[in-house]
Amino acid sequence: MNRNADTIEQFIAELTPAERQAIATATPEDWAKAAADAATDPKFWAELGTAIVTGFLQGLARGLDNR
């Protein structure tokens, strides 16, 4: 089981029709602006850090469970 693929598939499944439309019609300039906005958003970095630490701890727990 690929847990990352499952997470991505769940994320995609939870997108609203408006979000799907926005992604489908986004220009390179739109993506660049979104990336720049995210890079300066403290909430983005806090959530990213939380996701990284959570993923690390889950992986560590799975590894210890498989011993």
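The legends below accompany several close-up views of a predicted model.

**View 1. The whole chain, four helices and no strands.** Welcome to the overview: the protein chain has 4 helices and 0 strands, and its pattern along the sequence reads α-α-α-α. Along the principal axes, the C-alpha atoms fill a box of roughly 50 × 25 × 15 Å. The radius of gyration of the protein chain is 16 Å, whereas a compact globule of 67 residues would have one near 11 Å. Only a small share is hidden from the probe: 1% of the 67 residues count as buried. About 5800 Å² of the protein chain is exposed, and carbon and sulfur atoms supply 63% of that area.

**View 2. Phe-11 in helix α1.** Let us start with the helix that spans residues 3-13, helix α1, where Phe-11 has its place. Is this aromatic residue, Phe-11, buried or exposed? Phe-11 counts as exposed because its relative accessibility is 53%, and the cut-off for that class is over 50%. If you would like a distance to check in your viewer, try Phe-11 to Pro-28: the two are 17 residues apart in sequence and 22 Å apart in space, C-alpha to C-alpha.

**View 3. A salt bridge within helix α3.** Here the side chains of Lys-33 and Asp-37 meet in a salt bridge, with 2.8 Å from N to O. How far apart are Lys-33 and Asp-37 along helix α3? They sit 4 residues apart in this helix (residues 28-39), so about one helical turn separates them. The two partners can also be compared by class: Lys-33 counts as exposed at 52% relative accessibility, while Asp-37 counts as partly exposed at 40%. The structure holds 2 salt bridges, and the other partners appear in View 5.

**View 4. Ala-38 and an aromatic pair.** Ala-38 has its place in helix α3. Which residues does Ala-38 contact, leaving aside its neighbours within four places in sequence? The answer is Phe-44 and Trp-45. These residues also bring us to the aromatic pairs, for which the count comes to 1. Phe-44 and Trp-45 form this edge-to-face pair, at 5.0 Å centre to centre and with 80° between the planes. Phe-44 is partly exposed, with a relative accessible area of 32%, and Trp-45 is partly exposed too, at 46% relative accessibility. For another handy check, Ala-38 and Leu-48 lie 10 residues apart in sequence and 11 Å apart in space, C-alpha to C-alpha.

**View 5. A salt bridge within helix α4.** In this close-up the side chains of Glu-47 and Lys-43 meet in a salt bridge, at 3.7 Å from N to O. Does the accessible area place Lys-43 among buried or exposed residues? Lys-43 is exposed, with a relative accessible area of 55%. Its partner Glu-47 counts as partly exposed, at 46% relative accessibility. Both residues, Glu-47 and Lys-43, lie in helix α4 and are 4 residues apart, about one turn of the helix.

**View 6. A nonpolar surface patch with Phe-56.** Which residues make the nonpolar surface patch of about 490 Å²? Val-53, Phe-56, Leu-57, Leu-60 and Leu-64 make it. Phe-56 is a good residue to centre on, and its place is in helix α4 (residues 42-65). With a relative accessibility of 55%, Phe-56 counts as exposed.

How values were computed: Residues numbered from 1 in each chain as written. Predicted model: local features only at pLDDT ≥ 70, side-chain atom pairs only at ≥ 80, totals over all residues. Heavy atoms only, no water. Phe/Tyr/Trp six-rings, centres within 6.5 Å; stacked < 30°, edge-to-face > 60°. Buried < 20%, exposed > 50% of the residue type's maximum accessible area, 1.4 Å probe, protein only. Patch = residues over 30% accessible without salt bridge, like charges linked within 9 Å, V, L, I, M, F, W, Y side chains within 5 Å. Areas by Shrake-Rupley, 256 points an atom, 1.4 Å probe, with all protein chains shown as cover. Salt bridge = Lys/Arg side-chain N within 4 Å of Asp/Glu carboxyl O. Helix = DSSP H or I, 4+ residues; strand = E, 2+ residues; numbered from the N terminus. Rg over C-alpha atoms; globule rule 2.2 N^0.38 Å. Contact = heavy atoms within 4.5 Å.
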